[in-house]
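Here are a few short exercises to work through with the model open. Try each one yourself before you read the solution.

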Amino acid sequence: IDLGLGDKIVACDTYSYGSYSSDLKADIPQFDMMTPDQEKIVSLNADVVFTTGMSASHGEDVFASVKEAGICVCDIPSSASLADIEADILFIGDVVKKNDEAKKIVAEMQDSIAEIKNVAMNIKDDQKKTVLFELFTPSAESPTIYTAGSGTYITEMIELIGAENVAGKEKDDWPALTEEAAIAMDPQVILTADMYTDDVINVLLGMSGWENVTAIKDKAVYQIDNDTVNRPNHHVVSAMVEMAKAIYPEVYKDLEDPFANDNAKEEKPAA
């Protein structure tokens, strides 16, 4: 869409449709990325099908029949770093013959990241805040916290901002922490990308047993846009700006989001 090709998209996955439907054709076919209807995809006669590494997470090639039909399938592995994301954008630009536009997006990313790095250099080691990033809020039915561990671009972003991810040394990319483990980490700031829990900030602030956690005592709990932080594209920089302003509001008060206009375009009214 941001390469100017929204009108060329003939189908998408169900998750993307939820965020980008206003930029797509009406009644566009949607597919479950884990169990796509391959026969219907083939019938669309697309020039290229972009797939995500997530689709192969169960070990099965769920696009095998699409490939056998002679349709070009470009699979993009799940990005582990900001450099991966930049490489993906350039790759997509090459495939769709939008090289210059892709290079411009990557340059904007790199300029913003460089600006953040320069600001972060002024944050002394003894001033660095500890951060818990959560993707899923614990509940009685599911008493675990899903977060970002080592080898993820989210941990990389937190560190570039000049903070420390309390789960950054967890060997799993996306570890599930017990509440006890998370409480023991005593984060100074909690960032949540949980868009499924109603009134998530107040839920976190009111969780039993968390009363002595520094972030809870200081009410330093902030919601980060799920779409920008979880989708590995250039809008992760928007999430990075949002995170920086939440963690160090005074330090990053003049920081601007280079993709703010795109974000405004993508915002949808509440259901």
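**Exercise 1.** Find the residues that gather in a patch of negative charge on the surface, then place Asp111 in its element and decide whether it is buried or exposed.

*Solution.* Keep in mind that this is a predicted model. Start with the patch: its members are Asp111, Glu115, Asp254 and Glu256. Next, look up Asp111, which sits in helix α5, residues 99–120. Last, check the cover: exposed means over 50% relative accessible area, and Asp111 has 57% relative accessibility, so it counts as exposed.

**Exercise 2.** Work out how many residues the largest nonpolar core has, and which have the most contacts inside it. Then trace which elements give two or more residues to this core.

*Solution.* Count first: you should get 41 residues. Rank them by contacts within the core, and Met157, Ile161, Leu191, Val229, Met243 and Tyr252 come out on top. Now go to the elements: α4 (82–95), α5, β5 (130–136), α6 (153–161), β9 (189–192) and α11 (236–247) each supply two or more residues. Of these, α11 hands over the largest share, nine residues.

**Exercise 3.** Asn45 and Lys97 are not glycines. What is the phi of each, and where is each found?

*Solution.* Take Asn45 first: its phi is positive, about 55°. Asn45 lies in the loop joining α2 (38–43) and β3 (48–52), and it counts as exposed because its relative accessibility is 63%. Now Lys97: here phi is also positive, about 60°. Lys97 belongs to the loop between α4 and α5, and at 69% relative accessibility it counts as exposed.

Terms used: Residues numbered from 1 in each chain as written. Predicted model: local features only at pLDDT ≥ 70, side-chain atom pairs only at ≥ 80, totals over all residues. Heavy atoms only, no water. Patch = residues over 30% accessible without salt bridge, like charges linked within 9 Å, V, L, I, M, F, W, Y side chains within 5 Å. Areas by Shrake-Rupley, 256 points an atom, 1.4 Å probe, with all protein chains shown as cover. Salt bridge = Lys/Arg side-chain N within 4 Å of Asp/Glu carboxyl O. Lys, Arg positive; Asp, Glu negative; His and termini not counted. Charge placed at Lys NZ, Arg CZ, Asp CG, Glu CD. Helix = DSSP H or I, 4+ residues; strand = E, 2+ residues; numbered from the N terminus. Buried < 20%, exposed > 50% of the residue type's maximum accessible area, 1.4 Å probe, protein only. Core = buried A, V, L, I, M, F, W, Y, C linked by side-chain atoms within 4.5 Å.
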